[in-house]
Amino acid sequence: MQITINNKIIEVQSQDTLLEIARREGFEIPSLCWSKDAKHKSSCMVCAVKDLSRGQIIPSCTSKPVEGMQIDTQSKEVLQVRSMSLELLLSDHRADCEAPCSLVCPAKLDIEQMLDYYDKGQKEKAYGLIKHAFDLPKLACEACKAPCEKACRRGNIDAPVPIREIIKELTEVVDGAIVDEIENVAIDKKLFQSRLGRFSDREKIRLKDTVSTLSNCLHCACAGKSDCQLRTHATAHKIKRPGYDMSSELQVMLKTKVNDTMYFEPSKCIRCGLCVYNSDNGFTFKHRGFEMEVELPEENKKNIRVELASLCPTGALYIVEN
């Protein structure tokens, strides 16, 4: 049969989806709830296209071609639908892509990573990052107004992490002469930066009681950000801030340990269902409608394969290397 995509006449097979056909012909269409060779159901509408022959906006990931279809993948109207879909998903996505402290550091020190090393007792590695960022023995912190401590999310719970004191401590206890520099990974500020919003009173109590690292850092940077398709598509659609208020009431930074290397954070989940449809007696849906959540019953953890994390389009399901 024949259809047209952006006025290009194409011979197609009925078993392929419009998404697969368009991509094969070189037309880029984003997607979140679809993954090649995985079970899925259309839910995100980020892959929206318009069938001009019927005047309908349709999801390309599940729609099959029909003789005479005239598909539009790149008009202003289609791009607006995709942007709106992304913004709606982001309003339900409570997470910091990057740690606020690292974002505002004028010396470009990866503060969150430095504190991670510090909390793990790897002081030489923490010092290596400092050595790369600063012209030691001079400390840039001495004349700095500490925007990192002002931005620290721990300060919304009790007191901000004493970042400058920790940096000073490290320069005093570590023999810098035998430590190599560790390059600070530069934050690309052109990328979309998700914000988790305000902590609820309930969250403040829980985080104060449960997060007790050596530094007191919450380590709020997303561990799954490097593979986050939601961030990639939000950046491509030039979204700076979502146009909708945060609507999710899921508890932020509430992590479920799936196995030795995998974690699940429901507050980052967009409920695409890929982890549900592609696990047997694993992840499942809870409730319906706007209250629907994805959860993992304790007795189902043993059924989860590590490969499942690669299907997650956000940082909700991710691998942490030992």
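Which helix or strand supplies the largest share of the lining of the largest pocket? The legends below begin with that pocket. This is a predicted model, in which local features need pLDDT of at least 70, side-chain atom pairs count only at pLDDT 80 or more, and totals for chains, interfaces and linings use all residues. Residues are numbered from 1 along each chain as its sequence is written, and side-chain values use heavy atoms, with hydrogens and water left out.

**View 1. The largest pocket and its lining.** The largest pocket holds about 1400 Å³ of space. Its lining counts 50 residues, and E112, D116, H219, A221 and A223 are the closest to the pocket centre. On a 1 Å grid over the protein atoms alone, a pocket is an open set of points with protein on both sides within 12 Å along at least five of seven lines, while a cavity is a set where a 1.4 Å probe fits but cannot get out; lining residues have an atom within 4 Å of a point. Grid points are joined across faces, edges and corners, and the volume is the space filled by probe spheres set on them. α4 gives the largest share of this lining, four residues. At least two residues each come from α4 (111–119), α5 (123–133), α8 (201–210) and β10 (317–319). Helices (H or I, at least four residues) and strands (E, at least two) are DSSP runs, numbered from the N terminus. By class, 25 lining residues are nonpolar, eight polar and 17 charged. Here Ala, Val, Leu, Ile, Met, Phe, Trp, Tyr, Cys and Pro count as nonpolar, Asp, Glu, Lys and Arg as charged, and the others, Gly among them, as polar.

**View 2. The buried residues of α5.** These are A126, Y127, G128, L129 and I130. Buried means under 20% relative accessible area, exposed over 50%, and partly exposed in between (1.4 Å probe, protein chains only). Their cover includes α4 and α7 (163–173).

**View 3. The largest and second largest cavities.** Three cavities of 30 Å³ or more are found in the whole structure. The largest cavity has a volume of about 110 Å³. Of its 14 lining residues, C269, C272, C275, C312 and P313 lie nearest the centre; the lining divides into twelve nonpolar, one polar and one charged. The second largest cavity contains about 80 Å³ of space. Its lining includes A99, P100, L115, R153, R154 and C220, and the class split is ten nonpolar, no polar and two charged.

**View 4. S31 in the loop between α1 (18–24) and β3 (48–51).** S31 counts as buried because its relative accessibility is 4%. Beyond neighbours within four places in sequence, S31 is in contact (heavy atoms within 4.5 Å) with L19, R23, V46, C47, Q229 and H233. The side chains of S31 and R23 are joined by a polar contact of 3.1 Å. A polar contact is a pair of N or O atoms within 3.5 Å; within protein, one must be able to donate a hydrogen and the other to accept it, and residues adjacent in sequence count only if both atoms are side-chain atoms.

**View 5. Cysteines C61 and C220.** With a disulfide taken as a pair of cysteine sulfur atoms within 2.5 Å, the count is zero. C61 is in no disulfide, and the nearest cysteine sulfur, that of C47, is 3.8 Å away. C61 is buried, with a relative accessible area of 1%. For C220, the closest cysteine sulfur is in C217, at 6.2 Å, too far for a bond. C220 also counts as buried, at 13% relative accessibility.
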